[in-house]
Structures are given as structure tokens and as C-alpha cells.
Amino acid sequence: MKRRIVVVGANAAGAKAAAKARRINPRAEITVIDRGSFISYGACGIPYYVSDTVPDVKELMSTPVGVVRDANFFKKVKGVSVKTNTEVTGIDREAKVIRLREGAGAETSLPYDKLILATGSSPFVPKIENVGLKNILTVKSIEDAELLKESALSCRAACIVGGGLIGLETAEALRQKGMQVTLVEMRDQLLPGVLDAEVAASVEKHVKQQGVTVLTGCAVTGFAGEGSVAKVMVGEREIEADLVVLAPGATPNVQLAREAGLAIGTTGAIAVDQMLRTSDPDIYACGDCCETTHLVTGKKVFVPLGSTANKQGRVAGINAAGGEATFAGVIGTSILKVFTFNAGKTGLTETEARANGFDVETVLSPAPDRAHFFPGAKPIMLKLVADRSTGRILGLQAAGEGAVDKRLDAAAAAITFKATAEQLSQLDLAYAPPYGAAMDNLIVAADIMKNKLSGHARGISAREVKRKLDEEEDFILLDVRSPAEHGEIGIEGAKLIPLGVLREKLEELPKDKEIVTFCKISLRGYEAQKILDAAGFTNVKFMDGGIMAWPYKFRGR
């Protein structure tokens with residue numbers, strides 16, 4: 001008898017599961033059901049369709065050779081039956097049948113031997129006054145994409161609620177359409193959970209330079225308008241906006257699973273094991289509807305990403321078809337492009353690492369993304385996080401106009417396999433001037449981490465230096481750059497002694513005070529620390545990342 005496999009949900013995870021199940025079991029009877037009209041599309045590409053970077057919405061639903069992935073494609077190419085505009089209304093686990101309704105038709109049933117739930121997630125819609133007004137939209141489906149693009153043509157001012165990945169990508173898309181854009185984030189920084197504050201500050205600075213108004217630490221309390229939205233209330237402030245995009249996050253679609261009595265995990269998503277089995281061994285879950293394990297902390301997490309959905313769909317498809325595969329978990333890797341800036345992370349941020357009980361050491365390392373002399377070299381900032389006791393790399397963040405993706409990818413591999421700073425520093429990375437420096441940014445960050453862990457280097461964050469200045473602590477902030485660099489841009493209150501004459505002017509510095517050295521990227525700052533150490537100064541640190549990591553106002557600006 002043919003194995004009957006039913007997949008609920010036909011986007012990233014569900015479509016991948018059905019396709020893989022077919023390859024594993026050519027004789028299986030596979031049916032995919034989706035409540036929408038469009039299937040197997042790249043929702044992550046929606047902002048790029050809105051901005052016209054992707055000119056045709058069909059490209060989001062096509063194979064690399066331009067064939068649209070619709071029901072006909074799945075039937076002819078994959079041998080998989082697809083029912084669209086069909087709602088699954090319930091699961092009878094004992095009888096092993098699902099109940100479904102196609103359009104406005106009568107309810108019918110469909111038997112299964114193995115069931116895969118790929119019900120995805122939905123944009124979180126906050127319970128805010130008048131949230132149902134016209135032109136208050138979300139970014140999730142093809143229908144959303146078309147409506148958002150159409151609205152952008154007729155609207156003048158947009159307000160985006162949420163400063164995460166989708167919010168920032170949508171801000172760029174609407175700004176490129178010529179709209180005035182205000183971005184509101186309830187937390188005190190952009191990309192909360194993705195970047196630490198000092199790295200996020202560089203993203204915020206860039207976004208503002210592109211004409212986006214950014215409001216952090218603010219909550220939207222209501223909307224106003226006659227039929228269509230016209231104003232957004234942010235605390236006591238009113239912002240004019242005839243288009244609103246809600247992007248505060250996503251919630252897993254678990255209602256079907258919950259009503260069937262399947263276990264829901266601590267994150268609110270469907271609980272699964274490494275084979276992606278739910279609490280019913282004949283039902284699997286994959287993609288945005290299920291939780292997974294964080295490979296660094298060992299804790300359950302809900303991280304809805306298209307990359308994870310595809311990998312999980314493959315595993316669920318193999319297992320439902322009679323094979324055996326596992327999905328170990330994720331480390332939270334994410335990345336975005338916003339205007340000409342790139343930013344992302346892998347593993348844990350410093351904030352996350354501390355919250356999970358790690359004793360951490362951090363490094364901020366700015367440098368060009370390729371050999372400094374090669375045309376087109378652009379700056380990037382790396383923040384490396386490691387466990388102080390073991391040297392194990394816990395996370396990397398990267399931001400800047402240069403190439404951050406390959407540094408994140410290399411670090412993702414290192415973190416997955418529990419590499420230490422020593423091991424990371426020895427990676428044999430690809431080198432040629434068009435691609436990187438002889439000592440790649442990532443290798444340099446690992447070497448700085450080794451110096452810190454061994455006690456040779458002592459760093460202090462820009463945030464801590466700013467606190468010391470604001471509280472008027474009695475310390476010396478020592479700028480060891482050249483007079484020309486110091487005159488062009490600097491930090492209020494800093495004392496200038498260029499590195500080249502520091503040994504000659506040691507008597508100008510008191511040995512009984514804390515001294516914090518810095519330069520452009522703090523390479524010279526570290527050299528200055530070593531010079532002062534050798535001269536008998538006992539309380540010297542360098543400012544991590546130097547001027548390039550200073551997210552605050554500069555002297556005279």
C-alpha cells in the first residue's frame with residue numbers, strides 16, 4: 001500500500017518537505033494543502049519587489065530558470081498534488097484524517113499515514129486603537145506585497161512599526177519609492193536581539209543619513225483617520241502617515257496543532273524532537289510554526305527564517321517518507337542589507353551571552369573589508385564575543401558598507417563546531433587583495449581576543465568611556481593619533497600625544513590615574529597601552545574600536 005503523506009502549508013518548509021519526500025519515496029501519495037492562492041514563494045524578497053529591485057512578483061515564485069512554482073508545476077514536475085485556497089479545519093489523530101474545506105465548499109476529509117505541519121507564522125498585530133484602518137499593512141504574503149507596492153504609489157508618508165530586519169528592509173523599499181519614512185522601535189535601539197547597542201548605533205546612523213526618521217524607545221499607542229490611517233500616535237506625539245507597516249515580529253501558527261492536542265513548547269511554537277516529530281510520532285512540524293534548539297545555549301528558541309524553514313522541511317520530508325534525518329538546531333545567524341549598509345550576527349550577542357550566564361570577553365575590531373590599498377575597500381566593524389574561561393567563540397556581529405557576510409559565515413562554522421579564539425585565529429581563509437587583507441578582519445578580531453584573554457590587552461568599550469566622561473570621572477582619555485587626525489575629528493576632553501612621541505612625553509602623564517588610549521581603530525591605542533605598561537603605568541586600557549567605534553557626537557560637531 002502506498003504511504004499517504006499530507007503536508008499542511010505550501011511555502012518554504014512545506015514545499016521543500018513535499019519535494020524531498022517525493023525523492024525519498026517515489027511511490028508515496030503526497031498531497032499539499034494551503035489556504036492561500038500562492039505557494040512556494042520567497043517572502044523574504046517582498047521588500048525588494050516593493051522597491052522595484054525585483055521587477056516582477058513572479059520572480060519570487062519561480063525556479064532559478066524562471067518556471068513558476070504553482071500547483072501545476074508540483075503536479076507535473078514533482079508528482080505532488082496541491083490544493084490551494086483550502087483550509088484545514090481539524091486533525092483527527094485517532095482516525096488519522098484531516099478535515100478540510102475548499103473555498104466556501106462543504107467540509108471533507110483526507111486520510112494520512114504521515115502528516116507534516118508547515119503552517120508557518122503570522123505577523124504580530126498589536127492591539128492598538130484603530131489598528132484596523134485602511135492602509136495599515138503587514139509584510140508576509142504575495143497579497144501583502146501587491147497591496148504595499150500599490151499603496152506606495154499613492155501615499156506620501158509611511159510609518160513603520162518595528163525596527164527589526166523586516167522593518168528596516170521595508171524602510172529602505174519605501175524610501176526608494178520616494179516616500180517620507182518614520183521608523184518607530186519600542187526598544188532603545190534598532191535590531192534588538194540581533195545587534196548589541198554600539199553596533200546597532202552604526203546602523204541607525206546610516207539609516208538616518210538616508211533620510212529616515214528613527215524613533216527608538218517609543219511605543220505606538222494608536223492610529224487615527226477617517227477610514228484610512230492619517231496619523232500615528234507615538235506617546236504624546238502625532239506623526240502624519242497615510243501608510244503604516246506593522247513589523248514588530250511574528251507569531252507561530254499553532255492553533256491547528258493545539259486543537260489537535262499536540263504539545264506546544266516553551267516558546268509558544270510547536271514542540272518537536274531532532275527528527276522534527278511532534279508529540280504524535282506520525283505528525284511532523286517544520287518551519288516557522290515549530291521551535292528549535294539553540295546550539296550555544298542548549299535552550300529552545302523560536303527563530304523564523306526562510307533558511308531554517310528549508311532545512312527543516314528537508315528533514316521532515318525525509319522522515320515522513322520513511323527515511324531518517326535529524327535537525328540539530330540553529331545559532332541564530334541573520335543578516336540584512338539596508339541601503340548601502342550590511343549588518344548581521346551569528347551566535348550570541350554580548351547581551352544574550354550575559355543573560356545566559358556566560359562570563360564574556362568582547363572585541364570591537366574595525367577595518368577595511370579588503371586590502372586597504374585595493375580600490376573599493378569599504379569599512380566594516382566586527383564585534384566578537386567569547387567565553388572568558390574557555391576561549392570558546394560565542395558570537396560575532398558585523399556591520400558596515402563592506403562585505404560582512406563571509407565573516408559571519410566563517411564565524412558560524414566556527415561557533416557551530418565550538419571553536420576557540422585560538423582555533424579561529426588559525427583558520428586558513430581565502431586571501432587576495434580584492435577579497436580581504438592578508439590578516440583578515442576576522443583573524444585580527446580573534447587575535448585581539450587572544451590578547452585580551454591572556455591579559456596582554458585590556459579594552460574598555462566606547463559606552464563605558466562615554467559614561468566616565470558624562471560622570472566626570474578623574475581619568476585621562478589619551479588620543480595617540482596624529483595632530484592632523486586629532487584636528488579633523490575627536491572626542492571632547494581627550495588629551496593628544498601622538499604615538500610617535502609618546503615615549504618622549506611620558507612625564508606629561510600621571511602614573512596614579514587611569515589612562516584610556518585610543519586612535520582610529522585602536523591598533524595604535526593598544527601599542528600605547530603596551531608602551532605605558534612597560535614604563536610602569538599600572539592602570540591603562542585602550543578603547544575598543546577607537547574612533548570608528550565611537551557612536552556619539554564628536555568634538556565640534
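These are my notebook entries on a few places I looked up in this structure, which is a predicted model.

**Entry 1: helix H15**

I began with helix H15, which runs over residues 523-534 and has 12 residues. From its first C-alpha to its last I find a reach of 17 Å, close to the 16 Å expected at 1.5 Å a residue. I then asked which residues of H15 are buried, and the list I noted is Gly525, Tyr526, Ala528, Gln529, Ile531 and Leu532. As a reminder to myself, residues three or four places apart in an α-helix point the same way, because there are 3.6 residues a turn.

Next I looked up what these buried residues of H15 pack against, and found helix H12 (441-454) together with strand E27 (475-479), strand E29 (514-518) and strand E30 (540-543). After the helix comes Gly536, which I noted for its positive phi, near 95 degrees.

**Entry 2: Leu523 and its patch**

Leu523 belongs to helix H15, and I wanted to know whether this residue is buried or exposed. Its relative accessible area is 56%, and since the cut-off for exposed is over 50%, Leu523 counts as exposed. On the surface, Leu523 joins Ile521 and Met548 in a nonpolar patch, for which I wrote down about 250 Å² of accessible area together.

**Entry 3: Asn451 on helix H12**

Because H12 had come up as a packing partner of H15, I turned to Asn451, which lies in helix H12. With 24% relative accessibility, Asn451 counts as partly exposed. Leaving aside residues up to four places away in sequence, I find that Asn451 touches His456, Ala457 and Tyr526, and Tyr526 is one of the buried residues of H15 that I had already listed. I also checked Asn451 against Leu502, and these two are 51 residues apart in sequence and 22 Å apart in space, C-alpha to C-alpha.

**Entry 4: cysteines**

How many disulfides does the structure hold? I count 0 disulfides, a disulfide being a covalent bond between the sulfur atoms of two cysteines. For Cys218 I looked up the closest cysteine sulfur, which is in Cys159 at 10 Å, and this is too far for a bond, because the cut-off for a disulfide is within 2.5 Å. Cys218 counts as buried at 16% relative accessibility, and Cys519 is also buried, with a relative accessible area of 1%.

**Entry 5: positive phi outside glycine**

I noted two residues here, starting with Ser40, which is not a glycine although its phi is positive, about 50 degrees. Ser40 sits in the loop between strand E2 (29-33) and helix H2 (46-50), where its relative accessible area of 9% makes it buried. The other is Leu276, likewise a residue other than glycine, with a positive phi near 70 degrees. I place Leu276 in the loop between helix H7 (255-259) and strand E18 (283-285), and at 1% relative accessibility Leu276 counts as buried.

**Entry 6: Thr292**

My last look was at Thr292, which lies in strand E19, residues 292-293. Thr292 is buried, with a relative accessible area of 9%. Which residues does Thr292 touch, not counting residues up to four places away in sequence? I recorded Lys299, Lys300, Val301, Gln312, Phe327, Gly329 and Val330.

Technical notes
Residues are numbered from 1 along each chain as its sequence is written. This is a predicted model: local features need pLDDT of at least 70, side-chain atom pairs count only at pLDDT 80 or more; totals for chains, interfaces and linings use all residues. Side-chain values use heavy atoms; hydrogens and water are left out. Helices (H or I, at least four residues) and strands (E, at least two) are DSSP runs, numbered from the N terminus. The expected span of a helix is 1.5 Å times one less than its number of residues. Buried means under 20% relative accessible area, exposed over 50%, partly exposed in between (1.4 Å probe, protein chains only). Contact means heavy atoms within 4.5 Å. Patches are made of residues with over 30% relative accessible area and no salt bridge: like charges are joined within 9 Å, nonpolar side chains (Val, Leu, Ile, Met, Phe, Trp, Tyr) within 5 Å. Accessible areas come from the Shrake-Rupley method with a 1.4 Å probe; for residues, only the protein chains shown count as cover. A salt bridge is a side-chain nitrogen of Lys or Arg within 4 Å of a carboxyl oxygen of Asp or Glu.
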